[in-house]
Amino acid sequence: MKRPLHPGLISRQTDPANLESLFSTLDGRITQNESFYVRSHFAVPEIDPRSWRLRVEGAVAHPRSLSLDDIIKMPSATYAGMLECAGNGRAFLSPKHEGVQWELGAVGCARWTGVPLAAILEEAGLNADAAEIILEAADKGVAEKTSRPAAPIHFERSIPVADVRRRDVLLAYAMNGEPLPKAHGAPLRAIVPGWYAMASVKWLTRILVSRQAFRGYFQTVDYAYWSAPNGMQPERVPLSELAVKSQIARPAMKEAVPAGSIYRVHGTAWSSMAEIRKVEVTTNGGESWQEAHLLDAPLEHAWQRWEYLWNVPGARGSCTLMSRATDARGCVQPVAHDRNYEGYVIHHTIPVSVQIA
Ligand SMILES: Nc1nc2c(c(=O)[nH]1)N[C@H]1C(S)=C(S)[C@@H](COP(=O)(O)O)O[C@H]1N2
Ligand SMILES: [Mo]
């Protein structure tokens with residue numbers, strides 16, 4: 001029997017397909033491949049895994065051209081790592097921001113298997129003056145935020161050399177024990193844990209070691225924000241680290257909750273390279289907050305599930321819930337969106353209104 005392509009996903013855009021997961025169906029800590037959100041800027045590229053090569057070039061002693069077999073034969077690593085799109089939650093912003101109108105589901109956590117990027121760079125021999133690693137992909141098209149007609153560009157993104165090791169960057173060929181699905185970057189994608197997922201480049205074709213800071217479209221025009229430290233000239237800075245955040249899976253927005261019941265409010269929480277210290281829940285629009293129970297032990301690159309047993313009032317009416325995470329560094333979710341990030345880094349406490357019925 002042929003499995004439907006995306007049964008558990010909500011379409012947010014077609015051509016290319018952009019799909020979000022139903023966060024309200026959150027169950028285990030790991031998101032299944034069929035339910036994992038898909039965020040692609042261009043059409044899925046046609047790649048024949050037999051002729052596919054990963055080129056490793058630039059400021060290295062031994063440039064390489066690796067087949068998928070070469071990569072699979074290297075010592076592998078596996079970890080549970082979450083990905084969140086930098087635009088997750090954009091639909092809740094007011095005023096509206098342009099871009100895909102993601103609600104809660106442009107986020108997930110999967111087990112990735114692959115080769116550490118550090119091992120590949122070690123084999124190639126980084127030059128002493130190597131500064132950044134540019135991850136170049138096979139997909140290509142005309143960038144959205146350019147005046148047309150413009151030449152097509154490839155999707156590409158860079159990471160500083162120091163972050164490759166510090167963040168356990170992986171070149172993954174398997175997702176939850178299955179070969180990496182096409183939509184998620186087959187045959188090989190990067191996983192950059194702790195960063196917004198635009199850095200986790202899919203359909204990799206080239207690792208280019210650069211001596212300069214890369215200024216590509218997807219880290220200057222898109223997926224970047226204006227910064228002007230100490231009155232300096234404003235410049236575009238690439239988005240990178242995930243901000244501390246929690247989300248409520250249930251109740252879902254506008255759900256009817258039985259009056260007088262005990263209701264299990266639950267969700268997940270995460271932060272970049274820091275464990276979650278606590279999650280608090282309000283059921284009265286922020287007047288008072290109660291501490292939720294963390295269900296998962298901290299695991300470096302994964303999210304943590306939490307729950308709170310709510311004594312639902314006996315009287316009918318409407319109610320506003322919110323959750324608020326604090327990480328081990330003391331970072332707390334803010335009450336409002338920071339507009340300097342435009343339609344990205346949406347991690348404020350998002351209200352969930354329910355009907356007590
Ligand atoms: N080559 C390529 N890599 C990409 C993208 C893309 O469009 N092309 N989208 C990025 C963005 S914005 C996100 S949020 C994640 C989504 O990964 P997923 O589709 O596996 O969930 O992939 C990133 N890697
Ligand atoms: Mo994204």
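Here is a quick tour of two sheets, the cysteines, one buried arginine and some empty spaces in this structure. Keep in mind that this is a predicted model. Two open sheets get a look here, one of 5 strands with mixed pairing and one of 4 strands with antiparallel pairing. The structure also holds 2 cavities of 30 Å³ or more, and R90 turns up both as a buried residue and in the lining of the second largest pocket.

**The five-strand sheet**

- If you trace this open sheet from one side to the other, the strands run β16-β23-β22-β18-β19.
- At the edges sit β16 (256-257) and β19 (290-291), and each of them pairs on one side only.
- One of the pairings joins β18, which covers residues 276-282, to β19 in the antiparallel sense, over 2 bridges.
- To find that pairing in the model, start at V281, whose bridge partner in β19 is Q290.

**The four-strand sheet**

- Here the order is β15-β17-β21-β20, again in an open sheet.
- Its edge strands are β15 and β20 (293-294), with pairing on one side only for each.
- β15 meets β17 (residues 262-270) in the antiparallel sense, and 5 bridges link the two.
- S246 is a handy landmark, as its bridge partner in β17 is A269.
- For background, strands in a sheet pair through backbone hydrogen bonds, in either a parallel or an antiparallel way.

**Cysteines**

- How many disulfides are there? The count comes to 0.
- Why does C109 have no bond to C85? The closest cysteine sulfur to that of C109 is in C85, but it is 16 Å away, so it is too far for a bond.
- C109 is buried, with a relative accessible area of 0%.
- C319 counts as buried too because its relative accessible area is 12%, under the 20% cut-off.

**R90 and its surroundings**

- Look for R90 in the loop between β5 (77-84) and β6 (107-116).
- Is R90 buried or exposed? R90 is buried, with a relative accessible area of 5%.
- Setting aside neighbours within four places in sequence, R90 is in contact with H97, E98, G99, V100, Q101, W102, G343, Y344 and I346.
- R90 and A106 are 16 residues apart along the chain, and their C-alpha atoms are separated by 9.9 Å.
- The second largest pocket takes up about 240 Å³.
- Among the 18 residues lining that pocket, R90, E98, G99, K145 and Y344 are the closest to its centre.
- By class, the pocket lining has 5 nonpolar, 6 polar and 7 charged residues.

**The largest cavity**

- This cavity holds about 220 Å³ of space.
- Its lining is made up of 17 residues, and those closest to the centre are R39, R189, A197, S200 and K202.
- Sorted by class, the lining of the largest cavity comes to 10 nonpolar, 3 polar and 4 charged residues.

**The second largest cavity**

- About 60 Å³ of space lies in this one.
- Around it you'll find L104, S246, Q247, I248, M253, S323, T349, I350 and V352.
- Which strand gives the most to this lining? That is β15 (residues 245-250), with 3 residues.
- S246 is one of the lining residues, and it is also the bridge partner of A269 in β17.
- There are no charged residues in this lining, which divides into 5 nonpolar and 4 polar.

Note on methods: Residues are numbered from 1 along each chain as its sequence is written. Chains are lettered from A and ligands numbered from 1 in the order in which they are written. This is a predicted model: local features need pLDDT of at least 70, side-chain atom pairs count only at pLDDT 80 or more; totals for chains, interfaces and linings use all residues. Side-chain values use heavy atoms; hydrogens and water are left out. Two strands pair if DSSP finds at least two bridges between them. A disulfide is a pair of cysteine sulfur atoms within 2.5 Å. Buried means under 20% relative accessible area, exposed over 50%, partly exposed in between (1.4 Å probe, protein chains only). Contact means heavy atoms within 4.5 Å. On a 1 Å grid over the protein atoms alone, a cavity is a set of points where a 1.4 Å probe fits but cannot get out, and a pocket is an open set with protein on both sides within 12 Å along at least five of seven lines; lining residues have an atom within 4 Å of a point. Grid points are joined across faces, edges and corners, and a volume is the space filled by probe spheres set on the points. Ala, Val, Leu, Ile, Met, Phe, Trp, Tyr, Cys and Pro count as nonpolar, Asp, Glu, Lys and Arg as charged, and the others, Gly among them, as polar.
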